[in-house]
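Thanks, everyone; I would like to take a few minutes to walk through one model, beginning with a helix and then moving to the core and a pair of loops. Please have a look at it first.

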Amino acid sequence: MSDKDEIINKIRDAIVNLDIDNIQRLCMEALKAGIPAYDIVMKGMSKGMEIVGEKYERNEYFLAELIMAGEVMKEGMKVLEPHLAGGEVKKIGKVILGTVRGDLHDIGKNIVATLLTAAGFEVIDLGVDVPPEKFVEAVKENKPDIVGMSALLTTTMIEMENVIKALKDAGLRDKVKIIIGGAPITKEFADKIGADAAARDAVEGVNICKSWVS
Ligand code: B12
């Protein structure tokens with residue numbers, strides 16, 4: 001195993017072991033070793049969060065551990081974010097982003113926001129637990145090219161369809177492209193609810209958004 005793989009694995013394990021004291025140091029070490037911030041997020045921390053989710057499913061971890069894992073990831077992101085953002089690049093498009101009503105998961109959405117910004121998009125982040133009316137209002141006000149929605153719970157996926165319906169009712173559906181994401185989201189679901197695309201991860205999501213504005 002290369003040194004770089006070893007650091008990435010240590011970062012993954014720091015998330016799994018809820019090691020909030022060491023995550024920032026490890027992220028700095030990884031940056032110093034020349035590992036792109038992007039790889040640290042996708043191959044290290046996100047992989048760790050996946051394992052945390054599996055442990056939760058097996059009843060090895062409980063809600064307290066989920067919360068803590070989220071906090072550890074956020075600490076790491078503080079170190080990595082400045083290395084992901086794109087600086088003063090010409091804006092290539094505007095994206096409204098939000099986690100749908102009833103859903104408080106925002107770690108994945110925040111990564112999408114950071115990578116979209118790095119790719120040159122202006123991102124208007126509506127936050128979490130966003131009701132359909134707020135998406136509609138934001139589209140009216142900001143006239144974005146793209147609306148991105150995140151849902152991590154199977155019970156809140158339905159809210160994505162509600163947002164699309166609300167945009168249709170407001171006569172705005174055809175003015176934007178719609179992309180959805182989050183662990184339970186599939187391409188079939190996107191087709192079913194009338195979204196334009198679903199993304200497995202932030203990288204795929206950003207590539208799809210780029211293809212829409214080029
Ligand atoms: C951390 C976490 C929490 C934290 C969230 C902290 C935060 N600020 O986000 C807290 C503790 C708050 C939490 C709470 C709950 N959680 Co939770 N949580 C997780 C966990 C472990 C990790 C999620 C995460 O951050 N992953 C890392 C990020 C990087 O990945 P991601 O979110 O999938 O995002 C990537 C892609 O999906 C994609 N993406 C995401 N959104 C979007 C949007 C767009 C537009 C695009 C293009 C791409 C994209 O790009 C991202 C980066 O690549 C997951 C397990 C899992 N495997 O997902 C459970 C999980 C999602 N939670 C679960 C549950 C059950 C809950 C609770 C109901 C628990 C409870 N009993 O209260 C509550 C619900 C609270 C609520 N109303 O939302 C279940 C959901 C089960 C289901 N099928 O619905 C999961 C799957 C755990 C499990 N295996 O059972 N949780």
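I will start with α9, in which A202, G205, V206 and C209 are buried. When we look down the axis of α9, these buried residues fall within an arc of 95°, so they line one face of the helix. That fits the general rule that an α-helix has 3.6 residues a turn, so residues three or four places apart point the same way. This is a predicted model, and as a check on its geometry, the twelve residues of α9, 202-213, should span 16 Å at 1.5 Å a residue, which agrees with the 17 Å that separates its end C-alpha atoms.

Turning to the interior, the largest nonpolar core has 59 residues, and the members that touch the most others are I11, I15, I40, L116 and M160. At least three residues of this core come from domain 1, residues 3-84, and at least three from domain 2, residues 93-213. If we follow I15 and set aside its neighbours within four places in sequence, I15 is in contact with M45, G48, M49, V52, A69, V72 and M73.

Finally, which backbone angles deserve a second look? L18, in the loop between α1 and α2, has a positive phi of about 55° although it is not a glycine, and L18 is partly exposed, with 19 other C-beta atoms within 10 Å. K143, in the loop between α6 and β3, likewise is not a glycine and has a positive phi, of about 45°, while K143 is exposed, with 12 other C-beta atoms within 10 Å.

Note on methods. Residues numbered from 1 in each chain as written. Predicted model: local features only at pLDDT ≥ 70, side-chain atom pairs only at ≥ 80, totals over all residues. Helix = DSSP H or I, 4+ residues; strand = E, 2+ residues; numbered from the N terminus. Expected span 1.5 Å × (residues − 1). Buried ≥ 20, exposed ≤ 12 C-beta atoms within 10 Å, placed from the backbone. Arc of directions from axis to C-beta. Core = buried A, V, L, I, M, F, W, Y, C linked by C-beta atoms within 7 Å. Domains from an automatic or database assignment. Contact = placed C-beta atoms within 7 Å.
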